[in-house]
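This report concerns a model with two protein chains, and the reader is invited to look first at unusual backbone geometry and then at the contact between the chains.

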Protein chains: 2
Amino acid sequence: MRVSVPCVLQVAYESRSHLRPSGLSSSLPGSSGGKPAYSFHVSADGQMQPVPFPSDALLGPGIPRHARQIHTLSHGEVVCAVTISTSTRHVYTGGKGCVKVWDISQPGSKSPMAQLDCLNRDNYIRSCKLLPDGRTLIVGGEASTLSIWDLATPTPRIKAELTSSAPACYALAISPDNKVCFSCCSDGNIVVWDLHNQTLVRQFQGHTDGASCIDISNDGTKLWTGGLDNTVLKQQQHQGIIFSLGYCPTGEWLAVGMESSNVEVLHVSKPDKYQLHLHESCVLSLKFAYCGKWFVSTGKDNLLNAWRTPYGASIFQSKESSSVLSCDVSPDDKYIVTGSGDKKATVYEVVY
Amino acid sequence: MRVSVPCVLQVAYESRSHLRPSGLSSSLPGSSGGKPAYSFHVSADGQMQPVPFPSDALLGPGIPRHARQIHTLSHGEVVCAVTISTSTRHVYTGGKGCVKVWDISQPGSKSPMAQLDCLNRDNYIRSCKLLPDGRTLIVGGEASTLSIWDLATPTPRIKAELTSSAPACYALAISPDNKVCFSCCSDGNIVVWDLHNQTLVRQFQGHTDGASCIDISNDGTKLWTGGLDNTVLKQQQHQGIIFSLGYCPTGEWLAVGMESSNVEVLHVSKPDKYQLHLHESCVLSLKFAYCGKWFVSTGKDNLLNAWRTPYGASIFQSKESSSVLSCDVSPDDKYIVTGSGDKKATVYEVVY
């Protein structure tokens, strides 16, 4: 008997062409140890080279040697979602219309210790997430409703249901502080739920096709989602309203101008940042030089500030007669233009 | 007479409290050269330290010494948008209901060489962007319509108007290939326009309050927007449908599982990536170990693959009897659980 596959995946399987170049690995040099190359470094210009692995690639602390099957859990339906408790004692398997709970603390053949009926009988569960204390399980799938299970009672019971307008949830994530649940919906929306009040906090159309997957940084400020629309979206939370931003043309740094008067220079991957305090009111515009070595910001405080990337040494300041609302830098980095609340524009020559 | 400020900015000015700690710079150590510290490094845990500047902070190639005002352009209305041509000959200033064009190639006092009437007479222009050839100008502001100006004709003329459902555009950006224009809307949407066909390609609700600013990477694959909702959104284009993703808990790397069978490991700031070719069909799930040193992916090809971060050396593989639809790693990195099309889950012990 052919195993049925959840419909969303099935559509993707059947309707899209596979992009992987066939026979690529065998036609490229760089095989090592008799195994054809399978890891390729793709440079910014698209050049593809087999990766030479460092000597500690497969050795050293924290690197597994292999994995050993220790339990088979016969759920009885296609298992589209799994999770394991922090205590590593319980495993939750999501199939059609129910999640089964398994105790894996003892060896030997297994039967589920509980069955949590959710969604409708014929609808697949697509994600289940456990809060770290192991007392709450959130389940989503081919339904517009998420179920929140209380596992602390003698018999697990649904303590809340969260209903959105999307027909299905493809993926779930819990914020590191366990206060918020994010649901990736089949209509491309990301729905943000308050787990304490069980209310929809907000939703946003992240993808033009289904939102398929999600992850959150450990500090909870960054959220990534992937979609069937070929895009990855990253959302980053800031403390304050953002009026202006610029991405350094040479990479690595994003500068943002805040309503609070701060300019912040954020590394695109590291959590630390530079905070620059020379504006005395809203930072209304911001523009990087094309060389990436400096950028300018303008403010409601009448100031034009030029800053060194990334640490923000003040290169020069110019005080205008009114709010400076906009700015631009010429592609040769020789001129700056500002637009002012004083009903004029000013052209500056940059002196090196 | 008080200068009027575009309404959106005005609301923000008046209704929000300023977040900048008052007197902070003078109460912190680290002043240098008599100037109080104004640049602070904020570490991941929120610790704030004055930044010691390197010796080449204000010296060296590409670092301006200062800027000299060379022209004042009396536009006659608050100038909310400015841009300068690649030739550095023309400046465009956007005010109320019109953009004025200035020739700055000669010294001396200035009057505009052209006036481009756009939007309605009382509505502010909020952004104007010039294509690099200097022949096309795109103008947006307090109106639902963007105007595209042909500047190559003897008298500039509107060659197209692009109308969206949002009442205003706060910022514009042009893709590096000049084919696409992105408009940041007051309703939080980002609208993507095809400049050749003058059609709306797509739009997405990026922010829950107005989208205030935007920038694009030089290679056109990354887009940042900032919003009045305190968030920065980054959208990254991929070649293919994304079924799964994970962010490395120790930072720097995002792994994505593609419908094409590839696993890609992307550096969050650099443009290069690793592409891993061991799956033979869709990559259905992906999960990082908590230590960040390795991650697992599972596929429609029945495989569980464990990979070294980031370069993807294959640590181990396990072939199951059917599609592996889901996986999880225990927080102590000792167990992996998979869910299968064969109606079962499998628990693996990770052997170090």
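In chain B, the loop that connects β25 (303-308) with β26 (314-319) contains B:P310, and in this predicted model a cis peptide bond links B:T309 to B:P310, with omega at about -5 degrees. The corresponding bond in chain A, between A:T309 and A:P310, is also cis, with omega of about -5 degrees, and A:P310 is placed in the loop between β25 (303-308) and β26 (314-319) of chain A. Such geometry deserves mention because most peptide bonds are trans, just as most residues other than glycine have a negative phi. A departure of the second kind occurs at A:T88, which is not a glycine and yet has a positive phi of about 55 degrees; A:T88 belongs to the loop between β4 (81-84) and β5 (90-94) of chain A.

The backbone features described above are set side by side here.

| Site | Feature | Value |
|---|---|---|
| A:T309 and A:P310 | cis peptide bond | omega about -5 degrees |
| B:T309 and B:P310 | cis peptide bond | omega about -5 degrees |
| A:T88 | positive phi | phi about 55 degrees |

Another loop of chain B, the one between β8 (125-130) and β9 (136-141), holds B:D133. The side chain of B:D133 reaches the backbone nitrogen of B:R135 at 2.9 Å, while B:D133 and B:S87, although 46 residues apart in sequence, have C-alpha atoms that are 8.9 Å apart in space.

How are the two chains related to each other? A turn of 180 degrees with a shift of 0.0 Å along the axis lays chain A on chain B with an RMSD of 0.1 Å, and the two copies are therefore related as by a two-fold rotation axis. Both copies use the same surface, in that 99% of the contact residues of chain A recur in chain B.

The size of an interface is often expressed as the accessible area that is lost when the parts come together. Between chain A and chain B the buried area is about 13,600 Å², with carbon and sulfur atoms giving 63% of that area, and the contact involves 155 residues of chain A and 154 residues of chain B. There are 59 residue pairs in polar contact between the chains, counted where both residues are at pLDDT 80 or more. On the side of chain A that touches chain B, strand β3 (residues 66-73) gives the most, with 8 residues, and the residues of that side divide into 73 nonpolar, 56 polar and 26 charged.

The count of salt bridges between chain A and chain B is 2; one of them joins A:R68 to B:E349, whose closest N and O atoms are 2.1 Å apart. Strand pairing also crosses between the chains, since strand β29 (residues 345-351) of chain A and strand β3 (residues 66-73) of chain B run antiparallel and are joined by 7 bridges. Within this pairing, A:V350 has B:A67 as its bridge partner in β3(B).

Notes. Residues are numbered from 1 along each chain as its sequence is written. Chains are lettered from A and ligands numbered from 1 in the order in which they are written. This is a predicted model: local features need pLDDT of at least 70, side-chain atom pairs count only at pLDDT 80 or more; totals for chains, interfaces and linings use all residues. Side-chain values use heavy atoms; hydrogens and water are left out. Contact means heavy atoms within 4.5 Å. Buried area is the accessible area (1.4 Å probe) that two parts lose on being put together, summed over both. A salt bridge is a side-chain nitrogen of Lys or Arg within 4 Å of a carboxyl oxygen of Asp or Glu. A polar contact is a pair of N or O atoms within 3.5 Å; within protein, one must be able to donate a hydrogen and the other to accept it, and residues adjacent in sequence count only if both atoms are side-chain atoms. Helices (H or I, at least four residues) and strands (E, at least two) are DSSP runs, numbered from the N terminus. Ala, Val, Leu, Ile, Met, Phe, Trp, Tyr, Cys and Pro count as nonpolar, Asp, Glu, Lys and Arg as charged, and the others, Gly among them, as polar. Two strands pair if DSSP finds at least two bridges between them. Copies are superposed by least squares on the C-alpha atoms of residues with pLDDT of at least 70 in both.
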